[in-house]
Amino acid sequence: MELQEFIEKFAEQFDDTDVSELNPETEFKELDEWSSLTSMSIIAMVKTYYNKTLTGKEIRSCVTVQDLYNLVSAK
């Protein structure tokens, strides 16, 4: 799994946030579109593309996109 690919998949979960607005240091919970529904979309995306299971608690423990990527990579 490559970081840039993960960022692209992550960006697909948003309607109005373009992938160009995201980078590894992006604090994703600060995005205007971030919501509990987006969090659930991220959980589903990780399961679908990477066959790994994330919990809401694990997502809450992450601050940046890099943190989330590291979490998924470590599973």
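The following exercises, each with a worked solution, concern a predicted model of a single chain.

Residues are numbered from 1 along each chain as its sequence is written. In this predicted model, local features need a pLDDT of at least 70, side-chain atom pairs count only at pLDDT 80 or more, and totals for chains, interfaces and linings use all residues, while side-chain values use heavy atoms, with hydrogens and water left out.

**Exercise 1. Determine in which helix the confidence is lowest and in which it is highest.**

Begin with the scale: pLDDT is the predictor's confidence in each residue, from 0 to 100. Next, take the chain as a whole, which averages a pLDDT of 95, with 100% of the residues scoring at least 70. Then turn to the helices, which, like strands, are DSSP runs numbered from the N terminus (helices: H or I, at least four residues; strands: E, at least two). Confidence is lowest in helix 3 (residues 56–60), at a mean of 95, and highest in helix 4 (residues 65–74), at 97.

**Exercise 2. Find the residues that pair in a salt bridge, and state where they lie.**

The criterion is a side-chain nitrogen of Lys or Arg within 4 Å of a carboxyl oxygen of Asp or Glu. Applying this rule gives a count of one salt bridge. In that bridge the side chains of E58 and K75 meet, at 3.1 Å from N to O. The pair links distant parts of the chain, since E58 belongs to helix 3 and K75 to the segment after helix 4, 17 residues apart. As for exposure, residues are called buried under 20% relative accessible area, exposed over 50%, and partly exposed in between (1.4 Å probe, protein chains only). K75, with a relative accessible area of 40%, is therefore partly exposed.

**Exercise 3. Identify the residues that form the negative surface patch, and place E5 in its helix.**

A patch is built from residues with over 30% relative accessible area and no salt bridge, like charges being joined within 9 Å and nonpolar side chains (Val, Leu, Ile, Met, Phe, Trp, Tyr) within 5 Å. The negative patch consists of E2, E5, E8 and E12. One of these residues, E5, lies in helix 1 (residues 3–11). Its relative accessible area is 35%, so E5 is partly exposed.

**Exercise 4. Decide whether T38 and L37 are buried or exposed, and relate each of them to Q13.**

T38 is found in helix 2, and because its relative accessible area is 7%, T38 is buried. L37 is also placed in helix 2, but with a relative accessible area of 60% L37 is exposed. The C-alpha atoms of T38 and Q13, 25 residues apart along the chain, are separated by 6.6 Å. For L37 and Q13, 24 residues apart in sequence, the C-alpha to C-alpha separation is 9.7 Å.

**Exercise 5. Describe the loop residues F14 and N51.**

F14 lies in the loop between helix 1 and helix 2, where F14 is buried, with a relative accessible area of 6%. Its C-alpha atom is separated by 8.2 Å from that of W34, 20 residues apart along the chain. N51 is placed in the loop between helix 2 (36–50) and helix 3, and N51 is exposed, at a relative accessible area of 60%. Although N51 is not a glycine, its phi is positive, at about 55°.

Definitions and conventions: Areas by Shrake-Rupley, 256 points an atom, 1.4 Å probe, with all protein chains shown as cover. Lys, Arg positive; Asp, Glu negative; His and termini not counted. Charge placed at Lys NZ, Arg CZ, Asp CG, Glu CD.
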